[in-house]
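Subject: Structure for you to look at

Hello,

Here is the structure I promised to pass on. Please open it first, then read the notes below.

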Amino acid sequence: CLHLRQVSSQNIAMAKGGMKQAAAKTMTKGALADALATKSELKKSVVGKLLNGLAEVGAAEVKKAGVFTIPGLARIKTRRKPATKAAKRMMFGQEVLVKA
């Protein structure tokens, strides 16, 4: 049994472009402050100060404890990774000197 499938122009366009899509723009601090201000009916400057305070507290907590959690939203955790030692390694079938 041979099944033939009709190829649409949309499938061809997706195959040419691959899975890559235009990177979504991240929300800036001002845009976040504006969105939170309208949602909570506060002034944008007050929310901006609140965000600055949150950033300071978060940075201090990560430095002190290594973990900072905003409940229900995000968790920032630091990890220690040892440095790569200098050695000769096989890469793509060739021996390469890896610097420390």
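In which segment is alanine 100 found? Alanine 100 is found in the segment after S4. Helices and strands here are DSSP runs, numbered from the N terminus: helices are H or I with at least four residues, and strands are E with at least two.

Before the rest, two notes on the source. This is a predicted model, so local features need pLDDT of at least 70 and side-chain atom pairs count only at pLDDT 80 or more, while totals for chains, interfaces and linings use all residues. Residues are numbered from 1 along each chain as its sequence is written, and side-chain values use heavy atoms, with hydrogens and water left out.

Overall layout

The protein has three helices and four strands. From the N terminus the order is α-α-α-β-β-β-β. Of the 100 residues in the protein, 10% are buried. Buried means under 20% relative accessible area, exposed means over 50%, and partly exposed lies in between (1.4 Å probe, protein chains only).

The chain end

Back to alanine 100. Its relative accessibility is 85%, so alanine 100 counts as exposed. Its C-alpha lies 7.4 Å from that of alanine 83, and the two are 17 residues apart in sequence.

Helix H2 and the loop after it

Helix H2 covers residues 29–40, which is 12 residues. From first C-alpha to last it reaches 16 Å, close to the 16 Å expected at 1.5 Å a residue. That expected span is 1.5 Å times one less than the number of residues.

Leucine 36 sits in H2. It is partly exposed, because its relative accessibility is 37%. Leu36 also joins Met27 and Leu32 in a nonpolar surface patch, with about 270 Å² of accessible area together. Accessible areas come from the Shrake-Rupley method with a 1.4 Å probe, and for residues only the protein chains shown count as cover. Patches are made of residues with over 30% relative accessible area and no salt bridge; like charges are joined within 9 Å, and nonpolar side chains (Val, Leu, Ile, Met, Phe, Trp, Tyr) within 5 Å.

Glutamate 41 comes just after H2, in the loop between H2 and H3. It has a positive phi of about 60 degrees although it is not a glycine. At 74% relative accessibility, glutamate 41 is exposed.

Lysine 43 is in the loop between H2 and H3. It is exposed, with a relative accessible area of 61%. Lysine 43 and alanine 33 are 10 residues apart in sequence, and their C-alphas are 8.9 Å apart in space.

Helix H3 and the salt bridge

How many salt bridges are there? The count is one. A salt bridge is a side-chain nitrogen of Lys or Arg within 4 Å of a carboxyl oxygen of Asp or Glu. The partners are glutamate 61 and lysine 64, at 3.8 Å, N to O. Both lie in helix H3 (residues 44–65), three residues apart, so about one helical turn separates them. An α-helix has 3.6 residues a turn, so residues three or four places apart point the same way. Glutamate 61 is partly exposed at 27% relative accessible area. Lysine 64 is exposed at 67%.

The strand region

Arg75, Lys77, Arg79 and Lys81 gather in a surface patch of positive charge. Lys and Arg count as positive and Asp and Glu as negative; His and the chain ends are not counted. The place of a charge is NZ of Lys, CZ of Arg, CG of Asp or CD of Glu. Lysine 81 is in the loop between strand S2 (74–77) and strand S3 (87–91). Its relative accessible area is 76%, so lysine 81 is exposed.

Phenylalanine 92 is in the loop between S3 and strand S4 (94–98). Its phi is positive, about 55 degrees, although it is not a glycine. Phenylalanine 92 is exposed, with a relative accessible area of 85%.

Best wishes
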